[in-house]
Amino acid sequence: MELNILIICYLIGSVTFIIGLKMLSHPESARKGNLIAAAGMAISILGTIFLYEEEGIKLGNYIWIFAALIIGTVLGTIAAKKVKMTAMPEMVSLFNGMGGACAALISIVEFDHLNHQIQLGGAVNSGTLLIIFAGLIIGTISFAGSMVAWAKLNGRIKDFAFNGQHIMNLVIFAVIICLSAYLVISGDPAAGSLFYLVFVLSIIYGLFFVLPIGGADMPVVISLLNSFTGVAAAFGGFLYDNPVMLTGGILVGSAGTILTILMCKAMNRPLSNVLIGSFGSSSSGSTSKDQGAYKEISISDSAVVMSYAKKVMIVPGYGLAVAQAQHVCHELEKLLSDKGVEVNYAIHPVAGRMPGHMNVLLAEADVDYARLLEMEHANEEFPQTDVVLVLGANDVVNPAAKTDPGSPIYGMPVLDVELSKLVIINKRSMNPGYAGIENELFFQPKSSMLFGDAKSVLQKLVAEIKTL
């Protein structure tokens, strides 16, 4: 009877994961979808704790289990409540790394368990060994890589690369595969120590896998590592014959893979180029040429042209997130709307530091989802737009992606802001973006620079517009 109830719990969990993922595809239902999936996870966890049994023995150790659950819940809640939107990519990387670590620990525990059975005379199960090694390698790489991504995003470490690094990575990976294949095929208990060598090499590979990748590619890397964690969790589902782990892992793995492909498409770059090219790393020199002079625009002139425009498009970038300016940006939008100006936001898929960063940022400020235009739709609107306000975005509005075959971002789809009547670009300075190249948009006749911190500039704009 209890087994049947447990199966129902797992079925509920699997179904809620699918429903939740479907609801995450639209901003208006995403929050509810997340809660539904979380409820299904809670049902599955509680069902496992109280109903799971093997050979007539239940889990037990309830004090340790619930102590761990309470500590994890408290720490996770506090971290999620306190995190700033600018630090959200780091938190995503950190949480994803924890998932990879859990999958790796499962493989370590199960290998020790299997090795003990072999030493007692049990038969070697090559299929189980294969799953254990797959979970160990993928989970460990995801953990180590995510930790590097976390450290790079919050500035603790910088890009690191050296000649021959990619060749060294391939050699390490080949050794990992060969050692794993030997252990799976031989099933020799005496060779069990090599298992931990595979573990250590996987950590090294994960570190050097992400270290050379630059900031401009970090959204793709985060998405890829997320898919790794999902796949590793799915292997855990195979080990424990657990449909919830299997379903959740497959959903995360497949969704992360699809998102990675879409992100690469948005950058017009193959995944191999992202992983090998180190685009956006500090080692990539900036291309500079004489673009001419740029012109500045004052707060008062900006306020006038935006107040009397028919259509205004706001292009958010990482600079908006750094300044924590999403709320005052929404205030500006409402103020202009009250004056009869049509205001929308142009969202580039790789703006920010993680997939959907700008959507999450603006959702926090209660911006109407209908105003968030995807790149393709926004590009259709720019020719009819009177004023474009670029807030901290750089490479995603650089026309060099379309005009300069020698540019490292050539071919990358960008927002066609230069097609509008006037472009106002807010930046702290003229420093290049993550791609390390000059933005020719800044020097075009239609463009004007509005220097300063995004939040401060927007507050001044709001105050000035109120006086008009």
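The mean pLDDT of the protein chain is 86, and 91% of its residues reach 70 or more. The model is predicted, and its confidence varies between elements: the lowest mean, 65, falls in helix H10 (residues 271-277), whereas the highest, 96, belongs to strand S3 (residues 311-316). Over residues 277-288 the pLDDT drops below 50. In the model, this stretch nevertheless has 32 contacts beyond near neighbours in sequence.

The secondary structure of the protein chain comprises 17 helices and eight strands. Along its principal axes, the C-alpha trace spans about 85 × 55 × 35 Å. The radius of gyration is 25 Å, which agrees with the value near 23 Å that a compact globule of 468 residues would have. Of the contacts with a separation of 6 or more, 78% are accounted for by residues 24 or more positions apart. Buried residues make up 47% of the 468 residues in the chain. The accessible surface comes to about 22100 Å², and carbon and sulfur atoms contribute 65% of this area.

A nonpolar patch on the surface is formed by Leu46, Phe50, Leu59 and Tyr62. Together, these four residues have about 340 Å² of accessible area. Phe50, one of the members of the patch, lies in helix H2, which covers residues 27-51. The relative accessible area of Phe50 is 39%; because this value lies between the limits of 20% and 50%, the residue is classed as partly exposed.

Backbone geometry was also examined at two loop positions. Most residues other than glycine have a negative phi. Gln324, by contrast, has a positive phi, near 55°, without being a glycine. Gln324 is placed in the loop between helix H12 (318-322) and helix H13 (326-338). With a relative accessibility of 27%, Gln324 counts as partly exposed.

Asp366 is likewise a residue other than glycine with a positive phi, in this case of about 65°. The loop that holds Asp366 runs between helix H14 (357-364) and strand S5 (372-374). Asp366 has a relative accessible area of 62% and is therefore exposed, the cut-off for this class being over 50%.

Key
Residues numbered from 1 in each chain as written. Predicted model: local features only at pLDDT ≥ 70, side-chain atom pairs only at ≥ 80, totals over all residues. Heavy atoms only, no water. Patch = residues over 30% accessible without salt bridge, like charges linked within 9 Å, V, L, I, M, F, W, Y side chains within 5 Å. Areas by Shrake-Rupley, 256 points an atom, 1.4 Å probe, with all protein chains shown as cover. Salt bridge = Lys/Arg side-chain N within 4 Å of Asp/Glu carboxyl O. Helix = DSSP H or I, 4+ residues; strand = E, 2+ residues; numbered from the N terminus. Buried < 20%, exposed > 50% of the residue type's maximum accessible area, 1.4 Å probe, protein only. Rg over C-alpha atoms; globule rule 2.2 N^0.38 Å. Contact = heavy atoms within 4.5 Å. pLDDT = per-residue confidence, 0-100.
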